[in-house]
Amino acid sequence: MIRRERAGLPLAWVVALMTGLFGCAPTDGAIFEVADTDSDGDSEALETTAPSADVPAGAHCEPVAVWDEASAAAEEEMLELINQQRAAGAYCAPATHTLDLAPELRCAARLHSKDMVERDFYSTINPDGLSPGDRVYAAGYDGSIWGENVTRGYVTAADAMADLMSSESLCINIMDPDYRYIGLGRFGASWTQDYGS
């Protein structure tokens, strides 16, 4: 993992997150930066009130199978914003196709956002040393390429998206034409975007 300083923001973490088929070690590194803010919006736990058919059944995804309605709606709004941006193009990349939600990636994204709040950390690598690849494959994802963006300090999808798009490396990740699927997880003011091919 490489530490990088960005003007006006706290330290950001940059980590290579591309992997080969079936969870092999990374073969061609792509850099994805973790966005951060000075806000501390992660202190409140959420009540989960809405059952979700958006994650796979089973013990692994059970902790996020019932989800806060406001968070689920914010995730849907984030998907719309991402697809609008991909269709329009961005300063970091030309226009490309839209993304579809993948239940396995949504499970992984929700679990990671929840974990970041509950264990009070902020990184794409969790305190157990598990990478995004470890987490998406544990959730049942079986694609050959994956990537992850995280940000915190924003409750609304629009604010989180603006922060993510302000980083060129995160923008490139959002606009990457190799991705076909996405999973989004918002817990409190922590967000995870998990991408797949």
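This is a short walk through one protein chain, from its overall make-up to a four-stranded sheet and the helices beside that sheet.

Keep in mind that this is a predicted model.

Let's start with the whole chain. There are five helices and nine strands in the protein chain. Follow the sequence and the order of elements is β-β-β-β-β-α-β-α-α-β-α-α-β-β. The protein chain has 197 residues, and 51% of them count as buried. Now the contacts. Take those between residues at least 6 apart in sequence: 66% join residues at least 24 apart. As for the outside, the accessible surface is about 8,700 Å². Carbon and sulfur atoms account for 53% of that surface.

Next, the sheet. Which order do its four strands take? The order is S6-S8-S9-S7, in an open sheet with mixed pairing. At the edges sit strand S6, residues 100–101, and strand S7, residues 146–152. Each edge strand pairs on one side only. A general reminder: strands of a sheet pair through backbone hydrogen bonds, either parallel or antiparallel.

Go across the sheet, starting at S6. S6 and strand S8, residues 181–187, run parallel and are joined by two bridges. On that seam, Leu101 stands opposite Ile182 in S8.

Move on to S8 and S9. These two are antiparallel, paired over seven bridges. Look for Gly185, whose bridge partner in S9 is Thr192. Look also for Gly183, which has Asp194 as its bridge partner in S9. S8 and S9 form a hairpin with two residues between the strands. In that hairpin, Gly188 takes a positive phi near 60°.

Last pair: S7 and S9. They run antiparallel, and seven bridges join them. One partner pair to find here is Arg152 with Ser190 in S9.

So how covered are the inner strands? S8 is mostly covered, with six of its seven residues buried. And S9? Seven of the seven residues of S9 are buried, so S9 is largely enclosed by the rest of the structure. In a regular strand the side chains alternate between the two faces of the sheet. You can trace that on S9. Ser190, Thr192, Asp194 and Gly196 point one way. Trp191, Gln193 and Tyr195 point the other way. All of these residues are buried.

Now the helices on this sheet. Helix H4, residues 157–165, lies across S7 and strand S9, residues 190–196. H4 runs at about 115° to S7. Helix H5, residues 168–175, also lies across S7 and S9. For H5 the angle to S7 is about 130°.

How do H4 and H5 pack against each other: at what angle, and how far apart are their axes? The angle is about 110°, and the axes are 7 Å apart. Angles of 65 to 115 degrees count as roughly perpendicular, and H4 and H5 are therefore roughly perpendicular to each other. Which residues meet there? From H4 come Met161, Leu164 and Met165. From H5 come Leu170, Cys171 and Ile174. The residues of this contact between H4 and H5 are six nonpolar, no polar and no charged.

Stay with H4 a moment. Its buried residues are Ala157, Ala160, Met161, Asp163, Leu164 and Met165. What covers them? The cover includes helix H1, residues 69–88, along with S7, H5 and S9. Note that Met161, Leu164 and Met165 turn up in both lists: they are buried in H4, and they meet H5.

One last stop, away from the sheet. Asp120 is in the loop between helix H2, residues 103–118, and helix H3, residues 132–138. Phi of Asp120 is near 55°. That is a positive value in a residue other than glycine. Is Asp120 buried or exposed? Exposed means over 50% relative accessible area. Asp120 has 67%, so Asp120 is exposed.

To recap. The sheet order is S6-S8-S9-S7. Every one of the seven residues of S9 is buried. H4 and H5 both lie across S7 and S9, and they pack at about 110° to each other.

Conventions:
Residues numbered from 1 in each chain as written. Predicted model: local features only at pLDDT ≥ 70, side-chain atom pairs only at ≥ 80, totals over all residues. Heavy atoms only, no water. Pairing = 2+ DSSP bridges. Contact = heavy atoms within 4.5 Å. Axes fitted to C-alpha atoms, helices over the stretch in contact; angles between N-to-C directions. Parallel < 35°, antiparallel > 145°, perpendicular 65-115°, else oblique. Nonpolar A, V, L, I, M, F, W, Y, C, P; charged D, E, K, R; others polar. Buried < 20%, exposed > 50% of the residue type's maximum accessible area, 1.4 Å probe, protein only. Areas by Shrake-Rupley, 256 points an atom, 1.4 Å probe, with all protein chains shown as cover.
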